[in-house]
Amino acid sequence: MEKSLAKFTSFTDGGSGRSVYIESYGCAANKADLEIMLAYILNSGYRVTTNVEEADFILINTCGVKKQTEDRILNRLRFLSRFNKRLIITGCLPKIDFKAVIKAAPNFSAIVDPYSVNKIVLALKSAEKGERNKIFFSEKPYVKTEEPQIRLNPVIEIIPISEGCLGACSYCCVRFARGTLFSYPVSSIVKKLKNAVSEGVKEIWLTSQDNGAYGFDIKTNLANLLKECCKVSGRFFIRVGMMNPAHVLKILSDLIGAYEDERIFKFVHLPVQSGDNEVLKMMNRKYTVEEFKEIVRCFRERMPNITIATDVICGFPGESREAFEKTMKLIEEVKPDIVNISKFFPRPNTPAAQMKQIDSKEVAFRSRMMTHLASRISLERNLSWVGWEGKILIDEKGPRDSWVGRNFAYKPIVIKSDENLLGKIIEVRVIEAHINYLEAQII
């Protein structure tokens with residue numbers, strides 16, 4: 001996913017310093033890294049431009065989680081290299097597939113890994129001197145919550161709570177870029193949240209590669225962190241990012257208790273990946289289908305309207321048609337509000353890349369089947385919200401005169417208004433349901 005900086009006019013095209021054109025891809029953690037780099041860039045006298053032709057530098061913040069994303073970024077690197085600008089490459093992809101990156105952009109100025117985002121100005125200064133092929137990699141992560149950040153969205157504070165994970169999923173290459181779990185101190189996270197709220201932020205994203213594992217390396221856990229965050233006074237809402245079911249199981253009761261605070265969105269992102277236990281073993285996922293279902297059951301028992309999001313990989317090596325049918329059956333049974341569907345593509349240096357691959361046409365067929373099912377269920381779930389009345393926080397500007405808000409269950413709700421509603425909390429009535437969002441009228 002590309003994040004264009006064109007609409008963030010509050011810090012683009014201002015000032016007289018050397019200019020940086022930026023493209024950024026990937027997850028919320030990558031976006032948080034970009035916000036840190038932006039703070040360093042702007043505080044050092046550089047400016048951001050949306051015009052690549054007039055820029056002195058090009059910065060590409062990369063992602064490598066999926067092959068399709070990698071291919072798109074490599075194409076952009078090849079295209080942007082033609083401008084003969086000083087090219088800085090950041091993000092996960094250089095640690096995932098270094099050879100592919102330097103093949104696409106052999107004359108790059110500098111590469112900065114996720115452990116080194118605080119060295120972005122060193123990379124720019126190096127490029128300014130005309131140096132080429134400089135590598136800014138660090139051996140150890142550091143506490144990013146103590147870094148300055150420029151918010152891309154003034155309503156939302158993205159707080160990374162850790163770096164890396166405890167897993168070794170056989171298909172995943174992100175661990176090569178982000179490493180093993182390094183949790184940031186609770187006090188540092190809470191301080192960042194408190195500062196953000198004092199500056200008018202209304203929505204907090206707690207993000208990492210796996211929020212479920214947070215704190216296991218420093219003798220705490222996500223439930224404790226959420227309870228401490230909710231001690232901060234003010235009107236704000238917390239969105240908890242993705243959690244691996246294997247780690248949620250260890251803290252389930254306490255986590256559900258923490259979720260009952262009204263300032264935590266009733267939204268759980270719990271990737272199941274497969275509905276077949278043998279496939280889960282091959283994926284090295286460390287939980288069973290039955291345990292996934294139990295987590296969902298426990299959350300829904302206490303919070304019936306909670307939004308459940310999950311992820312599914314179609315066509316993992318060794319996934320028989322019968323195993324795929326079990327995944328379809330699981331999705332039909334659990335009825336998640338959101339299913340993020342990925343067609344399996346082998347990633348560099350992963351165990352799954354060495355396994356016997358399933359024919360690409362079969363993978364595409366399974367993906368279409370799953371998409372059809374997931375879309376039907378999402379619409380069914382959304383239809384149950386028609387007629388709902390309540391408060392939503394407007395956290396995004398939509399096209400033309402539309403705005404996007406979130407209710408207590410983090411449901412995206414679109415309304416129309418000529419006023420600037422960003423950051424406002426308003427009362428609405430849902431009048432229409434779609435697969436990916438709800439429509440509402442202001443009451």
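Trainee: What makes Ile120, Val121, Ala123, Leu124, Ser126 and Ala127 in H5 count as buried?

Mentor: In this predicted model, each of these residues of H5 falls in the buried class, which means a relative accessible area under 20%. The cover over the buried residues of H5 includes strand S2, helix H1 (28-43), strand S4 (57-62), strand S5 (86-91), strand S6 (110-112) and strand S7 (134-136). Just after H5, Gly130 adopts a positive phi of about 90 degrees.

Trainee: What makes the pair Glu128 and Arg18 a salt bridge?

Mentor: The closest N and O atoms of Glu128 and Arg18 are 2.9 Å apart, and the criterion asks for a nitrogen of Lys or Arg within 4 Å of a carboxyl oxygen of Asp or Glu. The pair therefore qualifies as a salt bridge. It links distant parts of the chain, with Glu128 in helix H5 (residues 120-128) and Arg18 in the loop between strand S1 (2-4) and strand S2 (19-25), 110 residues apart.

Trainee: Why are Glu128 and Arg18 called partly exposed?

Mentor: Glu128 has a relative accessible area of 29%, and Arg18 has 34%. Partly exposed covers the range between the buried limit of 20% and the exposed limit of 50%, so Glu128 belongs to that class, and so does Arg18.

Trainee: How do you know that Asp71 and Lys67 are separated by about one helical turn?

Mentor: Asp71 and Lys67 lie four residues apart in helix H2 (residues 67-81). An α-helix has 3.6 residues a turn, so residues three or four places apart point the same way. Asp71 and Lys67 form a salt bridge, with the closest N and O atoms 2.8 Å apart. Asp71 has a relative accessible area of 32% and is partly exposed; Lys67, at 32% relative accessibility, is also partly exposed.

Trainee: What makes Glu70 and Arg347 a link between distant parts of the chain?

Mentor: The side chains of Glu70 and Arg347 meet in a salt bridge at 2.4 Å, N to O. Glu70 belongs to helix H2, while Arg347 lies in the loop between strand S15 (338-343) and H13, 277 residues apart. Glu70 and Arg347 are both buried. Elsewhere, Asp33, Lys144, Glu163 and Arg178 are joined into one network by salt bridges that share partners. The structure holds 33 salt bridges.

Trainee: Why are H12 and H13 called roughly parallel?

Mentor: The axes of helix H12 (residues 321-334) and H13 cross at roughly 10 degrees and come within 10 Å. Angles under 35 degrees count as roughly parallel, so H12 and H13 receive that description. At this pairing, Arg321, Phe324, Thr327, Met328, Ile331 and Glu332 in H12 meet residues of H13 including Phe365, Arg366, Met369 and Met370.

Trainee: How do you know that H11 is roughly parallel to H12?

Mentor: The axes of helix H11 (residues 289-302) and H12 come within 12 Å and cross at roughly 10 degrees. That angle makes H11 roughly parallel to H12, the limit being 35 degrees. Here Val289, Phe292, Lys293, Val296 and Arg300 in H11 meet Leu330, Glu333 and Val334 in H12.

Trainee: Why does Phe324 count as buried?

Mentor: Phe324, in helix H12, has 1% relative accessibility, and the buried class lies under 20%; Phe324 is therefore buried. Leaving out residues up to four places away in sequence, Phe324 touches Cys314, Glu319, Arg366, Met369 and Met370.

Trainee: What makes Ile256 buried?

Mentor: Ile256 lies in helix H9 (residues 245-259) and has a relative accessible area of 3%. The limit for buried is under 20%, so Ile256 is assigned to that class. Not counting neighbours within four places in sequence, Ile256 is in contact with Cys298, Phe299, Arg302 and Met303. Ile256 and Met303 are 47 residues apart in sequence, with 9.0 Å between their C-alpha atoms.

Trainee: Why is Val386 called partly exposed?

Mentor: Val386 has a relative accessible area of 40%, and partly exposed lies between the limits of 20% and 50%; the term therefore applies to Val386. Val386 is located in the loop between helix H13 (360-383) and strand S16 (389-397). Together with Leu379, Leu383 and Ile435, Val386 forms a nonpolar surface patch with about 300 Å² of accessible area.

Key: Residues numbered from 1 in each chain as written. Predicted model: local features only at pLDDT ≥ 70, side-chain atom pairs only at ≥ 80, totals over all residues. Heavy atoms only, no water. Patch = residues over 30% accessible without salt bridge, like charges linked within 9 Å, V, L, I, M, F, W, Y side chains within 5 Å. Areas by Shrake-Rupley, 256 points an atom, 1.4 Å probe, with all protein chains shown as cover. Helix = DSSP H or I, 4+ residues; strand = E, 2+ residues; numbered from the N terminus. Buried < 20%, exposed > 50% of the residue type's maximum accessible area, 1.4 Å probe, protein only. Axes fitted to C-alpha atoms, helices over the stretch in contact; angles between N-to-C directions. Parallel < 35°, antiparallel > 145°, perpendicular 65-115°, else oblique. Contact = heavy atoms within 4.5 Å.
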